[in-house]
Amino acid sequence: MQVNVRRFQSADLSALSEIYRYREVTENTSQLIYLGEEQVAQIFEHAARYTLVAEIDHTLVGHITLILSEKWRSKHVASVALAVHPQWHGQGIGRALLLEAIDQADNWLGLQRLELDVYVDNVAAIGLYESVGFVTEGVKQQAALKNGRFESLVFMARLHSL
């Protein structure tokens, strides 16, 4: 299986909308379920976002977005958002996207800090993030609504010294 990672294009909006229609994807993000293409366009066509997508056999199977800080003194920071189509969970897509985004952040975008939050019960994602150098910085109790309950989020970051 060959994973092709490339820069997001507007033509990818329909495929990204397809990924975000799955409950098992949106329940682990900050997005609402059943996003339409217009909502997806608002998320991914924002100027301060750098998005890569993963394809297998010309089918889009996931994305990673670096949400660049717009604060003057935090231009070295980006938040990370990652989603993979449920059919492709556990197949290395997230890792391929993370590694390419880290390369872009370190070597092309001049970022020093990548940060993210993840639900405490998303053990697979936490393990993936740790395996590429993210460390836990803290836990925010009852921080987000998930399936009708307020759940805690683990805050993680990866630092790169230039």
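# Exercises on a predicted model

The crossing of helices α4 and α5 is right-handed, where a crossing counts as right-handed if the near helix is turned clockwise from the far one by less than a right angle, and as left-handed if anticlockwise. This is a predicted model, in which local features need pLDDT of at least 70, side-chain atom pairs count only at pLDDT 80 or more, and totals for chains, interfaces and linings use all residues. Residues are numbered from 1 along each chain as its sequence is written, and side-chain values use heavy atoms, with hydrogens and water left out.

## Exercise 1. The helix pair

Describe the geometry of the crossing of α4 and α5, and identify the residues that make the contact.

*Solution.*

Step 1. Two packed helices are described by the angle between their axes and the distance between the axes. Here α4 spans residues 93-107 and α5 spans residues 123-131; helices (H or I, at least four residues) and strands (E, at least two) are DSSP runs, numbered from the N terminus.

Step 2. The two axes come within 10 Å and cross at roughly 35°. Such axes are lines fitted to C-alpha atoms, for helices over the stretch in contact, with angles running from 0 to 180 degrees between N-to-C directions.

Step 3. From α4 the contact takes G94, R95 and L98, and from α5 it takes L128, Y129 and S131; contact means heavy atoms within 4.5 Å.

Step 4. By class, these contact residues are three nonpolar, two polar and one charged. Ala, Val, Leu, Ile, Met, Phe, Trp, Tyr, Cys and Pro count as nonpolar, Asp, Glu, Lys and Arg as charged, and the others, Gly among them, as polar.

Step 5. R95 of α4 is in contact with L128, S131 and V132, leaving aside its neighbours within four places in sequence. The C-alpha atoms of R95 and L128 are 7.0 Å apart, although 33 residues separate them along the chain. R95 is partly exposed, with a relative accessible area of 36% (buried means under 20%, exposed over 50%, partly exposed in between, with a 1.4 Å probe and protein chains only).

Step 6. D106, also placed in α4, is buried at a relative accessible area of 12%. D106 and L159 are 53 residues apart in sequence and 9.5 Å apart from C-alpha to C-alpha.

## Exercise 2. The two largest pockets

State the volume of the largest pocket and of the second largest pocket, and characterise their linings.

*Solution.*

Step 1. On a 1 Å grid over the protein atoms alone, a pocket is an open set of points where a 1.4 Å probe fits, with protein on both sides within 12 Å along at least five of seven lines, and lining residues have an atom within 4 Å of a point. Grid points are joined across faces, edges and corners, and a volume is the space filled by probe spheres set on the points.

Step 2. The largest pocket has a volume of about 1100 Å³. It is lined by 43 residues, of which N28, T29, L82, A83 and Y129 are the closest to its centre. The lining comprises 23 nonpolar, 13 polar and seven charged residues.

Step 3. The second largest pocket holds about 230 Å³ of space. Among its 13 lining residues, T26, Q31, L145, K146 and N147 lie nearest its centre.

Step 4. Both α2 (23-26) and β6 (135-146) supply at least two residues of this second lining, which has four nonpolar, six polar and three charged residues.

## Exercise 3. Positive phi outside glycine

Where do D57 and N147 lie, and are they buried or exposed?

*Solution.*

Step 1. Most residues other than glycine have a negative phi. D57 has a positive phi of about 50° without being a glycine, and N147 likewise has a positive phi of about 50°.

Step 2. D57 is in the loop between β2 (49-56) and β3 (59-68), and N147 is in the loop between β6 and β7 (149-159).

Step 3. D57 counts as exposed at 69% relative accessibility, and N147 counts as exposed at 52%.

## Exercise 4. Two environments

Determine whether S17 and F150 are buried or exposed, and list what each contacts beyond four places in sequence.

*Solution.*

Step 1. S17, in helix α1 (residues 13-19), is buried with a relative accessible area of 9%. S17 touches L35, G36, E37 and V40.

Step 2. F150, in strand β7, is exposed with a relative accessible area of 54%. F150 is in contact with Q142, A144 and L145.
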